[in-house]
Amino acid sequence: MRTIRLTTAQALIKFLNQQYLHVDGKEFHFVEGIFTVFGHGNVLGIGQALEQDAGHLKVIQGKNEQGMAHAAIAFSKEMLRQKIYAVTTSVGPGSANLVAAAGTALSNNIPVLFLPADTFATRQPDPVLQQVEQEYSAAVTTNDALKPVSRYWDRITRPEQLMSSLLRAFEVMTDPGKAGPATICISQDVEGEAYDFQEAFFEKRIHYLDRQLPTERELTGAAELIKMSEKPLIIVGGGAKYSQARDVLIALSEKHAIPIVETQAGKSTVESTFINNLGGMGVTGTLSANKAAQQADLIIGIGTRYTDFVTSSKTAFSFDQTKFLNINVSRFQAYKLDAFQVVADAKTTLEQLMPMLEGYRSNFGEDIPCLKEEWLAERHRLSQVSFNRTEYDPEIKNHFSQVTLNEYAAALETEFAQTTALVAINDTIDPASYVIGSAGSLPGDLQRLWRSEVPNTYHLEYGYSCMGYEVSGALGIKLAHPSQEVYAMVGDGSFLMLHSELITAIQYNQKINLLLFDNSGFGCINNLQMDNGGGSYFCEFRTSDNRILNIDYAKVVEGYGAKTYRVNNKEDLIHALEDAKQQTCSTLIEIKVLPKTMTAGYEAWWNVGVAEVSNKESVQQVYDAKQKKLQEAKQY
Ligand SMILES: Cc1ncc(C[n+]2csc(CCOP(=O)(O)OP(=O)(O)O)c2C)c(N)n1
Ligand SMILES: O=C1C[C@@H](O)[C@H](O)[C@@H](O)C1=O
Ligand SMILES: [Mg+2]
């Protein structure tokens, strides 16, 4: 057999160049490029291989391993998991920085190829720089920390292992039922070791993303359940988006009068303007969606993981009367909530179900437009909120006194409410632009208030809700949609945690727009502690002598080379948005907002770890209420 002598790293890069995906009759490269932060663990191996011949791979220098991995995740999510970036890091801290990002990819079921360097296979130089050295085992390295957050994990200590490992990694990443991060750790000496690889390994390889068909039994069972139900409700999850099920969802919902509610990952699969789309449900959902969920006697969960926060899945439904029908490519997910399971592609299943439902209409009738109207009126109210310094009742009630709110208004020089700002942004920017978020109070506000008029323009990472994803992810979206504007919705806390990929965006002329909501604190967590009977404890950004921090973010980011604005009212915000759109460089609009002016909850409950004993009566009361609530909740 013909062989070719290459280093392990050269073989890796050659292989990445030859991977194709075949979806719905189209065929294209699966690996778009590679993000790099070089260190001694990878610069002489993978770095050398890329320098010698990167092939079609776009090489992008990241600034922080977690940040660049987030960008890669956002790219893949935006490409509906049909194209990926690989991510190469050095050994030790470089690979440790991947852990939060790998968790993000795993919980969102997003394929990414992580390539952290590992310690020496020969162990000759041990402990090599950055090797943690566990006394109980020389086989354990920092990279073992990536095992729980990888869908596939392997360590390469001999060049020839690379071949079987890569095949497994690509099989996992291209299977929609188990898509997630594949981590291949490569010993840094092995990266540079040569081997006679069989040429067949580098031939063009096509991975087929075929739509998994439902069985006759599954279709008949699903159709029966729907026809027997009076008030079925569809939950659109991320799986529906990846399956591109919009058209059939609309057709089915319209024809059979079945309302739609959305998870964060599913939002914008069907545009918000569709009459039967009642918006987000769960803790961050709308009153209308949560009311519809309460009334429903059949939940049709399409491509959803039923996380507690975005669906309130263990308390939102009337479990005595409600049945569940899950359509999911993942058998694991389909099993949830004792549902009737259809383990198949969402789009195909719905297309095949439609003719079987001929003549069926739900009893929701006029309830659907009424519920929708009810929420639109609430949204309108939230868009008009204005502060006053004498008698102000914010959305998040009974936490801060008027004196404290006035103190914030003075310190941040603002009277702007977050909900008013958010709706103004929604009403001003081009509906075809992309919006991204992931943590803090903004995801709740976005899921409730954001109207996605153009399908697939809403990008929320709420599987891991990882602070720092917003700015990094915006770069990933821009790489996926170079001609569209991208807006990152980011809290001050998230921004402070991680925004290094803004520099990467500036460096490579990838324009992103950051909308930084500065309420000087970890606002949503402050709400959580105070809602649960606690005081305001270490969530506000205050100095040791209790002054509210007022950071000039615009000045910081101006130093990076972006165009910046600072606003504290609607008029200036709209003006800044319009100006930012004219810019060719990245922009930041620092929006000073008052705490407690985000949206509140809408009849959804969240199980959180309240203290069973404490020195506060208020905490005890919350604990007792929680125990009572748990008695009505589904236990599993
Ligand atoms: C990496 C990470 N660490 C911690 C958390 C927990 N957490 C969630 S929201 C939040 C505060 C967010 O503050 P900010 O970004 O300012 O948003 P705000 O709630 O004030 O709108 C924290 C600490 C998280 N989600 N991700
Ligand atoms: O703990 C959390 C609470 C949520 O409100 C927030 O959006 C999320 O980021 C989080 O981690
Ligand atoms: Mg904040």
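What spacing do the donors of the magnesium ion (ligand 3) follow along the chain? Keep that in mind as you click your way through this predicted model.

**Stop 1: the magnesium ion**

Select ligand 3 and show the side chains around it. Asp 492 (OD), Asn 519 (OD1) and Gly 521 (O) coordinate the magnesium ion, at 2.0 to 2.1 Å. Read those donors along the chain and you have the answer to the opening question: the spacing is D-x26-N-x1-G. Now switch on a surface and look for Asn 519 and Gly 521; both are buried.

**Stop 2: ligand 1**

Keep Asp 492 selected, since this residue turns up again here. Ligand 1 has 15 residues around it, and Asp 492 is among those that come nearest, along with Ser 441, Ser 465, Gly 493 and Gly 523.

Then draw a few distances to backbone atoms:

- Ser 465: a polar backbone atom sits 2.7 Å from a nitrogen atom of ligand 1.
- Gly 493: a backbone N or O atom is 2.7 Å from an oxygen atom of ligand 1.
- Ser 494: a polar backbone atom lies 2.8 Å from an oxygen atom of ligand 1.

**Stop 3: a six-stranded sheet**

Go to cartoon view and pick out the open sheet whose six strands run in the order E14-E13-E12-E15-E16-E17, with parallel pairing. Which strands stand at the edges? They are E14 (277–280) and E17 (340–342); each has a single partner strand, so one side of each is left without a neighbour in the sheet. Going from one strand to the next, the twist averages 20 degrees.

Zoom in on E16, residues 323–327. Four of its five residues are buried, so you'll find this strand mostly covered. On one flank, E16 pairs with E15 in the parallel sense over five bridges. E16 is also joined to E17, again parallel, by three bridges.

Ile 327 is a good residue to click on. Ile 302 stands opposite Ile 327, and over in E17 the bridge partner of Ile 327 is Val 342. Try Asn 326 too: its bridge partner in E17 is Gln 341.

**Stop 4: helices by the sheet**

Add helix H14 (residues 346–353), which packs on the sheet and touches E15 (298–302), E16 and E17. Its direction makes about 120 degrees with that of E16.

Next, select helix H10, residues 246–256. Its buried residues are Val 248, Leu 249, Ile 250, Leu 252, Ser 253 and His 256. What covers them? The cover includes strand E12 (232–236), helix H9 (238–242), strand E13 (260–262), E15 and H14. Step just past the end of H10 to Ala 257, where phi is positive, at about 55 degrees.

**Stop 5: an enclosed strand**

Jump to strand E6, residues 84–89. Six of the six residues are buried, so E6 is largely enclosed by the rest of the structure. Show its side chains and see how they split: Ile 84, Ala 86 and Thr 88 point one way, while Tyr 85, Val 87 and Thr 89 point the other way.

Now bring in the partner strands. E4 (residues 31–36) pairs with E6 in the parallel sense over five bridges, and Gly 33 has Tyr 85 as its bridge partner in E6. Four bridges join E6 to E7 (residues 112–118), also running parallel. Here Ala 86 has Leu 113 as its bridge partner in E7.

**Stop 6: Ser 187**

Select Ser 187 in strand E9, residues 181–187. Is Ser 187 buried or exposed? Its relative accessibility is 1%, so Ser 187 counts as buried. Leaving aside neighbours within four places in sequence, its contacts are Asp 118, Thr 119, Phe 120, Ala 121, Ile 156 and Thr 157. Take a closer look at Thr 119: its backbone oxygen lies 3.3 Å from a polar atom of the Ser 187 side chain.

**Last stop: Asn 607**

Finish in the loop between strand E23 (587–592) and helix H25 (617–632), where you'll find Asn 607. With a relative accessible area of 38%, Asn 607 is partly exposed. Not counting residues up to four places away in sequence, Asn 607 touches Lys 626 and Leu 630. The side chains of Asn 607 and Lys 626 make a polar contact at 2.8 Å. For a final distance, try Asn 607 to Gln 627: they are 20 residues apart in sequence and 9.7 Å apart in space, C-alpha to C-alpha.

Note on methods: Residues are numbered from 1 along each chain as its sequence is written. Chains are lettered from A and ligands numbered from 1 in the order in which they are written. This is a predicted model: local features need pLDDT of at least 70, side-chain atom pairs count only at pLDDT 80 or more; totals for chains, interfaces and linings use all residues. Side-chain values use heavy atoms; hydrogens and water are left out. Donors are N, O and S atoms within 2.8 Å of the metal (3.2 Å for Na, K and Ca); water is not among the atoms, so sites may look incomplete. Buried means under 20% relative accessible area, exposed over 50%, partly exposed in between (1.4 Å probe, protein chains only). Two strands pair if DSSP finds at least two bridges between them. Helices (H or I, at least four residues) and strands (E, at least two) are DSSP runs, numbered from the N terminus. Axes are lines fitted to C-alpha atoms, for helices over the stretch in contact, and angles run from 0 to 180 degrees between N-to-C directions. Contact means heavy atoms within 4.5 Å. A polar contact is a pair of N or O atoms within 3.5 Å; within protein, one must be able to donate a hydrogen and the other to accept it, and residues adjacent in sequence count only if both atoms are side-chain atoms. A residue is near a molecule or strand if one of its heavy atoms lies within 4 Å of it.
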